[in-house]
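Hi everyone, and thanks for coming. I'd like to walk you through a structure that is new to most of you, so please have a look at it first.

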Amino acid sequence: MLTLDKFEEAAKKVKEVTTPTPLVYSDYLSRQCGGRVYLKPENMQLTGAYKVRGAYYKTCTLSEEERDRGLITASAGNHAQGVAYAASRFHCKAVIVMPTTTPLIKVNRTKNLGAEVILRGDVYDESCAYALELAEKHGYTFIHPFDDLTVATGQGTIAMEIFQDLPLVEYILVPIGGGGLATGVSTLAKLLNPKIQVIGVEPAGANCAQVSIRSGKVTTLPAVHTIADGTAVKTPGEKIFPYLAKNLDDIITVEDDELITAFLDMVENHKMIVENSGLLTVAALRHLDVKGKRVACILSGGNMDVITMSSVVQQGLILRDRIFTISVLLPDKPGELSRVSGILAEMNGNVIRLQHNQFITTNRSDAVELRITLEAFGTEHKQQIIERLTEKGYRPREVQAAL
């Protein structure tokens, strides 16, 4: 059972290893949705995510004999670091099985905490199956990343801290992968205030909890497709499912493109790096009517590798029409490139890349294709540039942005 006594015990324990993450008021997001939005920045934890809470509390409750056998888990990265860190505090062995698609930063950080890392499977579920095999073979103590009530209790301490910072909170938005965080947060939140609204948020391409709750039973998705690797789970937890079904007021989903633009919002307006799974709650604000409400969004983690970050930023700029590419056909004669450049300068379009192809056709009147990748202020500015080129007799055609 998840009880207030257990949550209070867990809250005392996790303070031994967690960094304080007081709520941050977001003026930007509040203006966007009309509510009063506060961010719970668990991306600022020592291990880069909230997972250290459940992993450490679970390890504290194990017997010395269970810890001495060594700990093993499966994780896409954040729980891995939590277990590795907990093991280092108790000076015991940790073996972590991670999907082969896990970002390198999560793999290296887990290794740096002293754990043995094994890459196995394309998604978490396949990694978990192998970890269970190893646990049985070698006698390791398995710590499930989400389908464990003790782990969920540790994660739920986030809700206690939210209430301490914002006693009158009306909405809590929580990411869902396997459901451990949502179980702990929603259960404690309802114990503290039965009227509060707790909304779970999943990637549209990995909505196992939403499908399961709608069908009334734990359901496995045939596949998952999302850039939110930390929540790319096919099956929610069996043990925690009743708590999810009882305490979540709703589950909504967001598309990957929404996570990409949410990343830009966090970087530009809050100077924070938040991984894709951690951005689910921010992206979800656009789907909810929270005008005049006090809302807490849990940013579950910030472990994103630089290559992924670069790709997300570039794609986000394209989605926001702040970078775009157009193709125009020019007569093959001197001065035409200068004319186009003059128009772009007049419209404050910043040229990022220019491709000049004289061999597009044998027709000398339209013999040169000019592909221009531009930086603009947004959709309105982009349209103004395209309209001005059209007015000047060019026929600009938008093509896939080249970066």
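**A walk through the model**

Let's start with one residue: Arg53 is buried, with a relative accessible area of 0%. By buried I mean under 20% relative accessible area, while exposed is over 50% and partly exposed lies in between, using a 1.4 Å probe and protein chains only.

Before I go on, two notes on where this comes from. This is a predicted model, in which local features need pLDDT of at least 70 and side-chain atom pairs count only at pLDDT 80 or more, while totals for chains, interfaces and linings use all residues. Residues are numbered from 1 along each chain as its sequence is written, and side-chain values use heavy atoms, with hydrogens and water left out.

Back to Arg53. Which residue does Arg53 form a salt bridge with? The partner is Glu42, and the closest N and O atoms are 2.9 Å apart. A salt bridge here is a side-chain nitrogen of Lys or Arg within 4 Å of a carboxyl oxygen of Asp or Glu. Arg53 sits in helix 3 (residues 52-61) and Glu42 in the loop between strand 2 (36-41) and helix 3, so this pair ties together parts that are 11 residues apart in sequence. When I say helix or strand, I mean DSSP runs numbered from the N terminus: H or I with at least four residues for helices, E with at least two for strands. Glu42 is buried as well, at 0% relative accessibility. The two also belong to a network of salt bridges that links Lys40, Glu42, Arg53 and Glu161.

How many salt bridges does a search of the whole structure find? The search gives 23. Another one joins the side chains of Lys93 and Glu116, at 3.9 Å from N to O. That pair links distant parts of the chain, 23 residues apart: Lys93 is in the loop between helix 5 (78-90) and strand 4 (94-98), and Glu116 is in strand 5 (residues 116-119). Lys93 is partly exposed at 43%, and Glu116 is partly exposed at 38%.

For a pair within one helix, look at Arg388 and Glu391, whose closest N and O atoms are 3.3 Å apart in a salt bridge. Both lie in helix 16 (residues 379-391), 3 residues apart, or about one turn of the helix. Arg388 is partly exposed at 23%, whereas Glu391 is exposed at 60%.

Now to strand 4. Is strand 4 largely enclosed or open? Of its 5 residues, 5 are buried, so strand 4 is largely enclosed by the rest of the structure. Ala94, Ile96 and Met98 are buried on one side, and Val95 and Val97 on the other.

Who are the neighbors? Strand 3 (residues 71-74) pairs with strand 4 in the parallel sense over 4 bridges; for two strands to pair, DSSP must find at least two bridges between them. Ile72, for instance, has Val95 as its bridge partner in strand 4. Strand 4 is also joined to strand 5 by 4 bridges, again running parallel, and there Met98 has Leu119 as its bridge partner.

Thanks for listening, and I'm happy to go back to any part of the model.
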